[in-house]
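This report introduces a protein model to a reader who has not met it before. Please look over the sequence and the structure before reading on.

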Amino acid sequence: MPSTFAFRILRTLGMFVLSLFVLLALTFVIGRIMPHDPVGLIVGELADAQAFAAMRAKLGLDLPIPQQFWIYLQGILHGDFGNAVLTGTPVLQDLAQAFPATLELATLAILLSAGIGVPVGLLAALYRDSIVDQVVRVLSLLGHSLPVFWFAILGLIVFYGQLQWSPGPGRIDAFYEGIVPTRTGLLLIDSLLAGDSEVFWNAFGHLIMPAIILAYTSMAYIVRMTRSFALEQLGQDYILTARAKGLRLRRVVVRHILPNIAVQLITILAISYGGLLEGAVLIEIVFSWPGIGQYMTNALLIGDMNAVVACTLLIGIIFMALNFLADLAYVALDPRTRSGE
């Protein structure tokens, strides 16, 4: 019934807001009790006690934590996340510059991991216990077990240091910086909009290796889950009946297996995409990628909690938004949920 569907949406939105509030409160409190003191970074370690006290009062750090959180929450509701200690600019302005780089990296990675992982997982399921299945399972296990920074360092050593196939760390060569006007923040799209193919291919060259390494770690999870979902369907009676009637394997996959595992795949891909947006931290550090992961790591090292809280909140919003969209897709693809069954 429509009322059931509307209730599910309202309940999901309510949980979304509540989860964000709890995430914000926990991150804020943890940030305030950490031993890092951003005041010393602002006034300098050689400043006298009066300068320290004055700056703490200016930042509101001399107030009780609940009162600090209330003031901070009021600022957030007005779109003010404070200024970053490292850059001195508003945190939202820093995030607007850093997040597109992470979004570009994670988006290409999820396209690669989904485009390869789903077919490979289906192939492994269809040829269960064959040499193909064994190879896929070993590669998936390696991708899931070995740390991503190890792949990143190895990739730089081999493809940049030895073979010189990759242009190396960074998002683009210094020569091309600032040539293309910023419209979306995504270098590939901005260079296409500007009609500059040279900048596009240079940016793509920098992007492809970290994206492939990030995609491999995500692909391992997608392959294993796709294989598991497909094996479950292959054991169902309707599949055995379709095969007994002489239906080709490809048609069985396209017409029966994929539609029946679509909801599960969407959920897995949403979780994987959120994980890529969050888990690109190590890749960004190794490849000097100027994204939100590197920005958040630098903020943590100096105790810049305005930046840390904003990054955490942004990642939380992304995760919950992706889960919300996956839930909507689940309702849209499964009619039983719309009728409350």
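How much of the accessible surface of the protein belongs to carbon and sulfur atoms? In this predicted model, the accessible surface comes to about 18400 Å², and 67% of that area belongs to carbon and sulfur atoms.

The protein has 15 helices and zero strands, and 42% of its 341 residues count as buried. Among contacts between residues at least 6 apart in sequence, 71% join residues that are at least 24 apart.

One helix pair can be described in some detail. Helix 5, residues 91–126, packs against helix 9, residues 197–234, at an angle of about 35°, and their axes are 6 Å apart. Helix 5 passes helix 9 in a right-handed crossing, and the contact between these two helices has 26 nonpolar, five polar and two charged residues.

The largest nonpolar core has 78 residues, of which L24, L105, I257, I283, F287 and Y295 touch the most other members. Leaving aside residues up to four places away in sequence, I283 touches L105, V148, A152, P210, I213 and L214.

Two loop residues other than glycine have a positive phi, Q164 and S288, and they are set out below.

| Residue | Phi | Loop between | Relative accessibility |
|---|---|---|---|
| Q164 | near 55° | helix 7 (148–162) and helix 8 (187–194) | 63% |
| S288 | near 50° | helix 12 (281–286) and helix 13 (292–302) | 39% |

Because its relative accessibility is 63%, Q164 counts as exposed, whereas S288, with a relative accessible area of 39%, is partly exposed.

How values were computed
Residues are numbered from 1 along each chain as its sequence is written. This is a predicted model: local features need pLDDT of at least 70, side-chain atom pairs count only at pLDDT 80 or more; totals for chains, interfaces and linings use all residues. Side-chain values use heavy atoms; hydrogens and water are left out. Axes are lines fitted to C-alpha atoms, for helices over the stretch in contact, and angles run from 0 to 180 degrees between N-to-C directions. Helices (H or I, at least four residues) and strands (E, at least two) are DSSP runs, numbered from the N terminus. A crossing is left-handed if the near helix is turned anticlockwise from the far one by less than a right angle, and right-handed if clockwise. Ala, Val, Leu, Ile, Met, Phe, Trp, Tyr, Cys and Pro count as nonpolar, Asp, Glu, Lys and Arg as charged, and the others, Gly among them, as polar. A nonpolar core is a set of buried Ala, Val, Leu, Ile, Met, Phe, Trp, Tyr and Cys residues joined through side-chain atoms within 4.5 Å. Buried means under 20% relative accessible area, exposed over 50%, partly exposed in between (1.4 Å probe, protein chains only). Contact means heavy atoms within 4.5 Å. Accessible areas come from the Shrake-Rupley method with a 1.4 Å probe; for residues, only the protein chains shown count as cover.
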